[in-house]
Amino acid sequence: MDVEKLEQEAAKALEQAGSLEEIEELRVRFLGRSSELKLALREVRDRESGISLNALRQSLEAAFEQRRSALEQVELQHKLMAERIDVTLPGERFSEGHLHLITQIRREVEDIFLGLGYMIVDGREVETTRYNFDGLNMPPWHPTRSPGHSLFLADQVLLRTETSPSQIRVMEAQKPPVYMISPGRVYRRDTPDATHSPVFHQVEGLAVDRGISLADLKGTLLHLMRALFGEKREVRFRTHFFPFTEPSIEPDVSCHMCDGAGCPVCKHSGWIEMGGSGIVDPNVLEFVGYDPEEVSGFAFGLGLERIALLRHRVPDIRLLWENDLRFSRQF
Ligand code: DAH
């Protein structure tokens, strides 16, 4: 075999090779197991041709190695250039989730009452008539006891119609004093429209201690309303009726849109109805084993959706349940 010719041939081919793949192909061709050189090396019988063939192998290997590392450098440079990124370019915005408006308002209310030393209690969405009605002093003929108004799961088991049963459960479980709120879902057999939903959220409040009066209720609701609707808010009370409070009171808050001057949000009255409240009826205290001669309490129940609708002028309660991002993103 012609050592010199092979060497020249290889050198020329190497020079023309433009990529690492081509070099690898050439390496197989000139130095691989079935290359002319390897076959010749295997056949070597005399010392002289052994020396010259081995010298050729070494010089080819060195040449390949040199060319390979040179090309590797070039390819690396290309890659670095191609993949170069400008870290000072503004990034791509990805959409980030956030809490639903109702959750935000629930947490706000929770924070306000935590600040007043109240505990937060999770009630049960599935309740018995004992807690949903009996303990709350609701007579046997009360309309919400009928399956036409409420969603029953079994004879005396229903989806709670209000968060008030939490009051009974907490008072049964502990001695006074009690300062608690209990937010959560409630269920009613209502047809959805702009202001009704068969599922909505309430927050229940209860304070039982020695000497609790209507003034404490008013001060507490005023604090809550100012935190939710602004420092200038005022609260007024109108009498009403609930079976579990005596007297029963409907609190109004002065309109946050017009400061009480009158506008469409407050139906031109300057005041907005905020829910129900009152002084806990002695029958309720007796039901849970408290002594009405010793302690008294106030209670209230507010709708979280109502707070959201009013504060953000949302025209339809159903928007809060549809999970349309175009809506939810605004809050
Ligand atoms: N449970 C009443 C409702 O759903 C709201 C309510 C009124 C709760 C007066 C109270 C209360 O705790 O004292 O309409």
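Does Phe327 count as buried or exposed, and at what relative accessibility? Work through the exercises below on this predicted model.

**Exercise 1. Place Phe327 and classify it.**

Step 1. Find the element. Phe327 sits in helix 12, residues 325-328.
Step 2. Read the accessibility. The value for Phe327 is 10%.
Step 3. Apply the cut-off. Buried means under 20% relative accessible area. Phe327 therefore counts as buried.
Step 4. Set Phe327 against Ala62. The two are 265 residues apart in sequence. From C-alpha to C-alpha, they are 70 Å apart in space.

**Exercise 2. Check the length of helix 5.**

Step 1. Helix 5 covers residues 101-114, which is 14 residues.
Step 2. Use 1.5 Å a residue. The expected span is 20 Å, because the rise is multiplied by one less than the number of residues.
Step 3. Compare with the model. The end C-alpha atoms of helix 5 are 20 Å apart, which agrees.
Step 4. Look at burial. Among the buried residues of helix 5 are Leu101, Ile105 and Phe113. Glu110 is buried too.

**Exercise 3. Explain the spacing of two salt bridges within helices.**

Step 1. Recall the principle. Side chains of opposite charge can pair when their charged atoms come close.
Step 2. Take helix 2. Arg27 forms a salt bridge with Glu24, and their closest N and O atoms are 3.0 Å apart. The partners are three residues apart, so about one helical turn separates them. Arg27 is partly exposed at 34%. Glu24 is partly exposed at 38%.
Step 3. Take helix 4, residues 47-82. Arg68 and Glu72 meet in a salt bridge at 2.7 Å, N to O. They are four residues apart, so again about one helical turn lies between them. Arg68 is partly exposed at 29%, and Glu72 is partly exposed at 36%.

**Exercise 4. Which parts of the chain does the pair Asp259 and Lys232 tie together?**

Step 1. Confirm the pair. Asp259 and Lys232 form a salt bridge, with the closest N and O atoms 3.0 Å apart.
Step 2. Locate both ends. Asp259 is in the loop between strand 8 and strand 9, while Lys232 is in the loop between helix 8 and strand 7, so the bridge ties together parts 27 residues apart in sequence.
Step 3. Classify both ends. Asp259 is partly exposed at 43%. Lys232 is exposed at 59%.
Step 4. Widen the view. The whole structure holds 20 salt bridges. Arg236, Arg238, Glu250 and Asp252 are linked in a network of them.

**Exercise 5. Describe the negative surface patch.**

Step 1. List its members: Glu21, Glu22, Glu25 and Glu75.
Step 2. Find the main contributor. Helix 2, residues 20-31, gives the largest share, three residues.
Step 3. Check one member. Glu21 lies in helix 2. Its relative accessibility is 54%, so Glu21 counts as exposed.

**Exercise 6. Find the backbone exceptions.**

Step 1. Know the rule. Most residues other than glycine have a negative phi, and most peptide bonds are trans.
Step 2. Pick out cis bonds. One joins Pro176 and Pro177, with omega about 5°. Pro177 is in the loop between helix 7 and strand 5. Another joins Glu246 and Pro247, with omega about 0°. Pro247 is in strand 8.
Step 3. Pick out positive phi. Asn137 has a phi of about 65°, and it lies in the loop between helix 6 and strand 3. Lys267 has a phi near 50°. Its place is the loop between strand 8 and strand 9.
Step 4. Classify the two. Asn137 is partly exposed at 26%, whereas Lys267 is exposed at 73%.

Technical notes
Residues are numbered from 1 along each chain as its sequence is written. This is a predicted model: local features need pLDDT of at least 70, side-chain atom pairs count only at pLDDT 80 or more; totals for chains, interfaces and linings use all residues. Side-chain values use heavy atoms; hydrogens and water are left out. Patches are made of residues with over 30% relative accessible area and no salt bridge: like charges are joined within 9 Å, nonpolar side chains (Val, Leu, Ile, Met, Phe, Trp, Tyr) within 5 Å. Accessible areas come from the Shrake-Rupley method with a 1.4 Å probe; for residues, only the protein chains shown count as cover. A salt bridge is a side-chain nitrogen of Lys or Arg within 4 Å of a carboxyl oxygen of Asp or Glu. Lys and Arg count as positive and Asp and Glu as negative; His and the chain ends are not counted. The place of a charge is taken as NZ of Lys, CZ of Arg, CG of Asp or CD of Glu. Buried means under 20% relative accessible area, exposed over 50%, partly exposed in between (1.4 Å probe, protein chains only).
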